[in-house]
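Hi,

Here is the structure I said I would pass on. Have a look at it first, and my notes follow below.

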Amino acid sequence: MQASEAKDKVEGALNYNFDEPEEETTFQVPRLDDLCVRLLAENLNRFPALDHMKSEYITSTIELVNTKKISYSMAAQYIKNEVFWQKSALERWPNRPHVISEHGMSWRRLYAEYHISEQFERYYPSKCGTNLNSLVHEVGYAKPFVQTIKFRQLRAEINLSRVLGDFQNLQTLDLTYGNRETGMGYEKSTFGMKIKDALSLSRLIANSRSLTRIMLRENLLNDEAIQVLTSGMSRNNTITFLDLSHNRIGDLGAQCIAKLLARGSILIDLNLGDNAIKKSGALYLSHALSQNDTRCMREEPGIKREEENEEENRGKTKRM
(Lines give C-alpha, C1' and ligand atoms only; values in the text may rest on other atoms or scores of the structure.)
Protein backbone atom coordinates (compact mmCIF):
# COMPACT_ATOMS: atom_id res chain seq x y z
CA MET A 1 0.00 0.00 0.00
CA GLN A 2 2.80 2.38 0.78
CA ALA A 3 4.55 1.74 -2.57
CA SER A 4 1.35 2.36 -4.57
CA GLU A 5 0.56 5.57 -2.67
CA ALA A 6 4.06 6.86 -3.32
CA LYS A 7 3.72 5.99 -7.02
CA ASP A 8 0.42 7.92 -7.26
CA LYS A 9 1.97 10.97 -5.64
CA VAL A 10 4.90 10.92 -8.08
CA GLU A 11 2.60 10.60 -11.09
CA GLY A 12 0.40 13.42 -9.80
CA ALA A 13 3.42 15.67 -9.45
CA LEU A 14 4.64 14.86 -12.93
CA ASN A 15 1.20 15.60 -14.43
CA TYR A 16 0.72 18.91 -12.58
CA ASN A 17 -0.22 21.74 -14.91
CA PHE A 18 1.74 24.78 -13.83
CA ASP A 19 -0.10 26.99 -16.31
CA GLU A 20 -3.40 26.85 -14.40
CA PRO A 21 -3.73 29.65 -11.76
CA GLU A 22 -4.21 28.58 -8.14
CA GLU A 23 -7.38 29.51 -6.29
CA GLU A 24 -6.70 32.57 -4.20
CA THR A 25 -7.60 32.42 -0.48
CA THR A 26 -8.20 35.72 1.28
CA PHE A 27 -7.51 36.28 4.97
CA GLN A 28 -8.31 39.63 6.54
CA VAL A 29 -5.95 40.62 9.33
CA PRO A 30 -7.89 42.41 12.12
CA ARG A 31 -6.93 45.97 12.85
CA LEU A 32 -4.71 46.44 15.87
CA ASP A 33 -7.06 49.00 17.44
CA ASP A 34 -10.01 46.57 17.05
CA LEU A 35 -8.00 43.91 18.88
CA CYS A 36 -7.21 46.39 21.65
CA VAL A 37 -10.87 47.42 22.00
CA ARG A 38 -11.98 43.80 22.30
CA LEU A 39 -9.24 43.05 24.83
CA LEU A 40 -10.18 46.08 26.98
CA ALA A 41 -13.89 45.20 26.85
CA GLU A 42 -13.21 41.62 27.97
CA ASN A 43 -10.96 42.74 30.83
CA LEU A 44 -12.70 45.94 31.95
CA ASN A 45 -13.31 44.53 35.42
CA ARG A 46 -9.53 44.15 35.87
CA PHE A 47 -8.42 47.25 33.99
CA PRO A 48 -11.16 49.93 34.22
CA ALA A 49 -9.61 52.30 31.70
CA LEU A 50 -12.82 53.29 29.90
CA ASP A 51 -12.68 56.96 30.87
CA HIS A 52 -9.07 57.22 29.64
CA MET A 53 -9.71 55.87 26.13
CA LYS A 54 -9.97 58.03 23.03
CA SER A 55 -13.55 59.07 22.37
CA GLU A 56 -13.77 57.22 19.04
CA TYR A 57 -13.23 53.87 20.78
CA ILE A 58 -15.51 54.27 23.81
CA THR A 59 -18.83 53.41 22.15
CA SER A 60 -17.50 50.26 20.49
CA THR A 61 -15.90 49.16 23.75
CA ILE A 62 -19.13 49.62 25.73
CA GLU A 63 -21.05 47.61 23.11
CA LEU A 64 -18.71 44.65 23.73
CA VAL A 65 -18.75 44.86 27.54
CA ASN A 66 -20.69 42.24 29.49
CA THR A 67 -22.01 44.49 32.26
CA LYS A 68 -23.14 41.52 34.37
CA LYS A 69 -19.49 40.64 34.93
CA ILE A 70 -18.53 44.12 36.12
CA SER A 71 -18.52 44.59 39.89
CA TYR A 72 -20.24 47.71 41.19
CA SER A 73 -17.45 48.40 43.68
CA MET A 74 -14.96 48.73 40.80
CA ALA A 75 -17.22 50.61 38.37
CA ALA A 76 -18.37 53.14 40.97
CA GLN A 77 -14.79 54.16 41.66
CA TYR A 78 -13.32 54.29 38.17
CA ILE A 79 -16.05 54.68 35.52
CA LYS A 80 -17.93 57.94 34.95
CA ASN A 81 -19.19 57.38 31.40
CA GLU A 82 -22.97 57.83 31.28
CA VAL A 83 -23.42 55.47 28.30
CA PHE A 84 -21.83 52.67 30.32
CA TRP A 85 -24.16 53.31 33.28
CA GLN A 86 -27.19 53.50 31.01
CA LYS A 87 -26.38 50.11 29.47
CA SER A 88 -25.69 48.64 32.92
CA ALA A 89 -29.03 49.85 34.33
CA LEU A 90 -31.12 48.72 31.34
CA GLU A 91 -29.54 45.26 31.31
CA ARG A 92 -29.78 44.73 35.08
CA TRP A 93 -33.35 46.03 35.51
CA PRO A 94 -35.06 45.59 32.10
CA ASN A 95 -38.58 45.67 33.58
CA ARG A 96 -38.11 48.55 35.97
CA PRO A 97 -39.08 52.12 34.99
CA HIS A 98 -36.08 54.28 34.25
CA VAL A 99 -37.27 57.85 34.75
CA ILE A 100 -33.94 59.59 34.48
CA SER A 101 -35.45 62.97 35.40
CA GLU A 102 -36.09 61.63 38.92
CA HIS A 103 -32.38 60.98 39.33
CA GLY A 104 -30.90 64.31 38.35
CA MET A 105 -30.63 63.29 34.67
CA SER A 106 -27.76 60.98 35.64
CA TRP A 107 -27.64 57.27 34.79
CA ARG A 108 -24.79 56.84 37.24
CA ARG A 109 -26.95 58.20 40.05
CA LEU A 110 -29.97 56.12 38.92
CA TYR A 111 -27.88 52.96 39.02
CA ALA A 112 -26.47 53.81 42.45
CA GLU A 113 -29.92 54.50 43.94
CA TYR A 114 -31.44 51.35 42.43
CA HIS A 115 -28.46 49.30 43.57
CA ILE A 116 -28.57 50.50 47.16
CA SER A 117 -32.34 49.91 47.39
CA GLU A 118 -31.89 46.36 46.14
CA GLN A 119 -29.09 45.68 48.60
CA PHE A 120 -31.19 46.86 51.54
CA GLU A 121 -34.35 45.04 50.49
CA ARG A 122 -32.45 41.73 50.10
CA TYR A 123 -30.63 42.04 53.41
CA TYR A 124 -31.00 39.42 56.12
CA PRO A 125 -29.23 39.68 59.48
CA SER A 126 -26.59 37.18 60.51
CA LYS A 127 -25.62 36.16 64.04
CA CYS A 128 -22.03 37.30 63.75
CA GLY A 129 -22.87 40.53 61.92
CA THR A 130 -21.03 39.64 58.71
CA ASN A 131 -24.07 40.42 56.55
CA LEU A 132 -24.36 43.90 58.02
CA ASN A 133 -20.65 44.53 57.53
CA SER A 134 -20.96 43.39 53.91
CA LEU A 135 -23.94 45.72 53.41
CA VAL A 136 -22.06 48.70 54.86
CA HIS A 137 -19.08 47.92 52.62
CA GLU A 138 -21.11 47.49 49.41
CA VAL A 139 -23.40 50.52 49.74
CA GLY A 140 -20.45 52.67 50.72
CA TYR A 141 -19.37 52.83 47.07
CA ALA A 142 -22.70 54.49 46.18
CA LYS A 143 -22.28 57.15 48.86
CA PRO A 144 -21.14 60.08 46.68
CA PHE A 145 -23.96 59.66 44.16
CA VAL A 146 -27.08 58.85 46.19
CA GLN A 147 -29.53 61.66 46.87
CA THR A 148 -32.82 59.76 47.07
CA ILE A 149 -33.49 56.39 48.69
CA LYS A 150 -36.77 54.49 48.39
CA PHE A 151 -37.22 51.26 50.32
CA ARG A 152 -40.48 49.45 49.67
CA GLN A 153 -39.88 46.35 51.78
CA LEU A 154 -37.36 46.58 54.57
CA ARG A 155 -37.72 43.09 55.99
CA ALA A 156 -35.24 43.23 58.82
CA GLU A 157 -34.01 45.57 61.51
CA ILE A 158 -31.14 47.61 60.10
CA ASN A 159 -29.21 50.28 61.96
CA LEU A 160 -29.83 53.09 59.48
CA SER A 161 -27.72 55.56 61.44
CA ARG A 162 -24.71 53.29 60.97
CA VAL A 163 -25.27 52.36 57.32
CA LEU A 164 -26.43 55.77 56.03
CA GLY A 165 -24.79 58.08 58.54
CA ASP A 166 -22.01 59.13 56.14
CA PHE A 167 -24.26 59.76 53.14
CA GLN A 168 -23.65 63.49 53.00
CA ASN A 169 -25.65 64.02 49.78
CA LEU A 170 -28.76 62.14 50.91
CA GLN A 171 -31.77 64.47 50.62
CA THR A 172 -34.85 62.22 50.39
CA LEU A 173 -35.64 59.12 52.44
CA ASP A 174 -38.77 57.09 51.62
CA LEU A 175 -39.17 54.02 53.86
CA THR A 176 -41.77 51.28 54.19
CA TYR A 177 -41.06 48.46 56.63
CA GLY A 178 -42.52 45.10 55.66
CA ASN A 179 -42.34 42.21 53.22
CA ARG A 180 -44.41 42.58 50.04
CA GLU A 181 -43.44 39.10 48.83
CA THR A 182 -44.48 37.19 51.93
CA GLY A 183 -47.06 34.96 50.18
CA MET A 184 -48.44 32.19 52.38
CA GLY A 185 -45.72 32.77 54.96
CA TYR A 186 -47.32 35.95 56.29
CA GLU A 187 -46.04 37.09 59.68
CA LYS A 188 -47.49 40.21 61.29
CA SER A 189 -44.23 40.87 63.12
CA THR A 190 -42.41 41.53 59.83
CA PHE A 191 -44.54 44.60 59.07
CA GLY A 192 -44.26 48.09 60.51
CA MET A 193 -41.49 50.14 62.08
CA LYS A 194 -40.41 48.87 65.48
CA ILE A 195 -39.06 51.04 68.29
CA LYS A 196 -35.53 49.86 67.53
CA ASP A 197 -36.00 51.01 63.94
CA ALA A 198 -37.38 54.34 65.11
CA LEU A 199 -34.37 54.86 67.39
CA SER A 200 -31.84 54.29 64.60
CA LEU A 201 -33.79 56.53 62.21
CA SER A 202 -34.07 59.21 64.90
CA ARG A 203 -30.28 59.23 65.31
CA LEU A 204 -29.83 59.47 61.56
CA ILE A 205 -32.24 62.43 61.38
CA ALA A 206 -30.61 64.20 64.30
CA ASN A 207 -27.12 63.98 62.77
CA SER A 208 -28.05 64.66 59.14
CA ARG A 209 -27.15 67.96 57.54
CA SER A 210 -28.59 67.14 54.10
CA LEU A 211 -31.98 65.42 54.57
CA THR A 212 -34.89 67.60 53.47
CA ARG A 213 -37.71 65.11 52.76
CA ILE A 214 -38.82 62.07 54.80
CA MET A 215 -41.71 59.78 53.83
CA LEU A 216 -42.84 57.14 56.34
CA ARG A 217 -46.18 56.01 54.90
CA GLU A 218 -47.79 52.71 55.92
CA ASN A 219 -45.35 51.85 58.69
CA LEU A 220 -47.86 51.20 61.52
CA LEU A 221 -46.33 54.12 63.41
CA ASN A 222 -47.87 54.56 66.85
CA ASP A 223 -47.54 57.30 69.44
CA GLU A 224 -44.44 55.77 71.03
CA ALA A 225 -42.61 55.63 67.69
CA ILE A 226 -43.62 59.24 66.95
CA GLN A 227 -42.26 60.34 70.31
CA VAL A 228 -38.89 58.76 69.42
CA LEU A 229 -38.82 60.23 65.90
CA THR A 230 -39.75 63.76 66.96
CA SER A 231 -36.91 63.74 69.48
CA GLY A 232 -34.49 63.32 66.57
CA MET A 233 -36.29 65.88 64.45
CA SER A 234 -36.05 68.46 67.20
CA ARG A 235 -32.26 68.43 66.67
CA ASN A 236 -32.50 68.70 62.89
CA ASN A 237 -32.64 71.98 60.97
CA THR A 238 -32.86 70.78 57.35
CA ILE A 239 -36.08 68.72 57.00
CA THR A 240 -38.89 70.67 55.33
CA PHE A 241 -41.21 67.83 54.19
CA LEU A 242 -42.60 65.07 56.44
CA ASP A 243 -45.16 62.47 55.34
CA LEU A 244 -46.63 60.38 58.19
CA SER A 245 -49.84 59.36 56.43
CA HIS A 246 -51.50 55.92 56.69
CA ASN A 247 -50.26 55.11 60.20
CA ARG A 248 -51.68 54.72 63.72
CA ILE A 249 -50.82 58.07 65.21
CA GLY A 250 -53.17 59.10 68.02
CA ASP A 251 -53.58 62.14 70.25
CA LEU A 252 -50.31 61.61 72.13
CA GLY A 253 -48.38 61.40 68.87
CA ALA A 254 -50.16 64.53 67.62
CA GLN A 255 -49.13 66.31 70.82
CA CYS A 256 -45.47 65.33 70.20
CA ILE A 257 -45.69 66.70 66.65
CA ALA A 258 -47.32 69.89 67.94
CA LYS A 259 -44.45 70.40 70.40
CA LEU A 260 -41.99 69.94 67.54
CA LEU A 261 -43.76 72.63 65.51
CA ALA A 262 -43.95 74.96 68.50
CA ARG A 263 -40.17 74.80 68.96
CA GLY A 264 -39.63 76.62 65.70
CA SER A 265 -39.38 73.69 63.28
CA ILE A 266 -38.64 74.64 59.67
CA LEU A 267 -41.17 72.10 58.36
CA ILE A 268 -43.08 73.47 55.39
CA ASP A 269 -45.26 70.47 54.49
CA LEU A 270 -46.70 67.92 56.92
CA ASN A 271 -48.98 65.05 55.87
CA LEU A 272 -50.98 63.32 58.62
CA GLY A 273 -53.64 61.78 56.38
CA ASP A 274 -55.34 58.55 57.49
CA ASN A 275 -54.33 58.38 61.15
CA ALA A 276 -56.25 58.06 64.44
CA ILE A 277 -55.99 61.63 65.73
CA LYS A 278 -59.07 62.75 67.65
CA LYS A 279 -60.30 66.10 68.91
CA SER A 280 -57.69 66.75 71.61
CA GLY A 281 -54.81 65.91 69.26
CA ALA A 282 -56.31 68.10 66.57
CA LEU A 283 -56.49 71.02 69.00
CA TYR A 284 -52.80 70.69 69.86
CA LEU A 285 -51.94 70.63 66.16
CA SER A 286 -54.15 73.54 65.21
CA HIS A 287 -52.65 75.71 67.94
CA ALA A 288 -49.09 74.86 66.85
CA LEU A 289 -49.86 75.35 63.15
CA SER A 290 -51.33 78.77 63.83
CA GLN A 291 -47.96 79.92 65.13
CA ASN A 292 -45.77 78.91 62.15
CA ASP A 293 -45.89 78.51 58.36
CA THR A 294 -46.19 74.73 58.21
CA ARG A 295 -48.90 73.44 55.88
CA CYS A 296 -50.71 70.38 57.14
CA MET A 297 -51.76 68.47 54.02
CA ARG A 298 -54.97 66.50 54.15
CA GLU A 299 -55.28 64.67 50.89
CA GLU A 300 -57.17 62.01 52.80
CA PRO A 301 -59.14 62.27 56.07
CA GLY A 302 -56.32 61.99 58.55
CA ILE A 303 -57.60 63.77 61.63
CA LYS A 304 -60.84 62.10 62.57
CA ARG A 305 -63.54 63.72 64.66
CA GLU A 306 -64.49 61.93 67.87
CA GLU A 307 -67.94 61.27 66.43
CA GLU A 308 -66.38 59.39 63.50
CA ASN A 309 -64.25 57.27 65.81
CA GLU A 310 -67.24 56.51 68.02
CA GLU A 311 -69.25 55.41 64.97
CA GLU A 312 -66.41 53.16 63.84
CA ASN A 313 -66.14 51.62 67.32
CA ARG A 314 -69.89 50.99 67.44
CA GLY A 315 -69.72 49.33 64.03
CA LYS A 316 -66.93 47.04 65.19
CA THR A 317 -68.89 46.16 68.36
CA LYS A 318 -71.95 45.22 66.29
CA ARG A 319 -69.88 43.01 63.98
CA MET A 320 -68.41 41.22 66.99
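One thing to keep in mind as you read: this is a predicted model.

Let me start with the overall picture. The chain runs to 320 residues, and 42% of them count as buried. Going along the chain you will come across 13 helices and 6 strands. If you take the contacts between residues at least 6 apart in sequence, 72% of them join residues at least 24 apart.

Now for the aromatic rings, where I spent most of my time. The count comes to 7 aromatic pairs. Take tyrosine 72 and tryptophan 85: their ring centres are 6.0 Å apart and the planes sit at 70 degrees, and since planes over 60 degrees apart count as edge-to-face, that is what this pair is. Tyrosine 72 belongs to helix 4 (residues 72–78) and tryptophan 85 to helix 5 (residues 82–92), so the pair links distant parts of the chain, with the two positions 13 residues apart. Both of these residues are buried.

Tyrosine 72 has another partner, tyrosine 111. Here the rings are stacked, with 5.7 Å from centre to centre and 15 degrees between the planes. This pair also links distant parts of the chain: tyrosine 111 is in helix 6, and tyrosine 72 in helix 4 is 39 residues away from it. Like tyrosine 72, tyrosine 111 is buried.

Which residues make up the aromatic cluster? It is formed by Tyr72, Phe84, Trp85, Trp93, Tyr111 and Tyr114.

Tyr114 is worth a second look, as arginine 96 lies over the face of its ring, 3.6 Å from the ring centre. You can find a similar arrangement elsewhere, where arginine 213 lies over the face of phenylalanine 241 at 4.0 Å from the ring centre.

Arg96 and Tyr114 turn up again in the lining of the largest pocket. That pocket has a volume of about 220 Å³. Alongside those two, the lining is made of Pro97, Val99, Glu102, His103, Glu113, Ser117, Thr148, Ile149 and Lys150. Helix 6 (107–121) and strand 1 (148–154) are the elements that give two or more residues to it. Sorted by class, the pocket lining has 4 nonpolar, 3 polar and 4 charged residues.

If you want a place to begin in the viewer, try Tyr114: it is part of the aromatic cluster, and it also lines the largest pocket.

Best wishes

Definitions and conventions: Residues are numbered from 1 along each chain as its sequence is written. This is a predicted model: local features need pLDDT of at least 70, side-chain atom pairs count only at pLDDT 80 or more; totals for chains, interfaces and linings use all residues. Side-chain values use heavy atoms; hydrogens and water are left out. On a 1 Å grid over the protein atoms alone, a cavity is a set of points where a 1.4 Å probe fits but cannot get out, and a pocket is an open set with protein on both sides within 12 Å along at least five of seven lines; lining residues have an atom within 4 Å of a point. Grid points are joined across faces, edges and corners, and a volume is the space filled by probe spheres set on the points. Helices (H or I, at least four residues) and strands (E, at least two) are DSSP runs, numbered from the N terminus. Ala, Val, Leu, Ile, Met, Phe, Trp, Tyr, Cys and Pro count as nonpolar, Asp, Glu, Lys and Arg as charged, and the others, Gly among them, as polar. Rings of Phe, Tyr and Trp (its six-membered ring) pair if their centres lie within 6.5 Å; planes under 30 degrees apart count as stacked, over 60 as edge-to-face and the rest as tilted. Buried means under 20% relative accessible area, exposed over 50%, partly exposed in between (1.4 Å probe, protein chains only). A charge sits over a ring if NZ of Lys or CZ of Arg is within 6 Å of the ring centre and within 35 degrees of the ring normal. Contact means heavy atoms within 4.5 Å.
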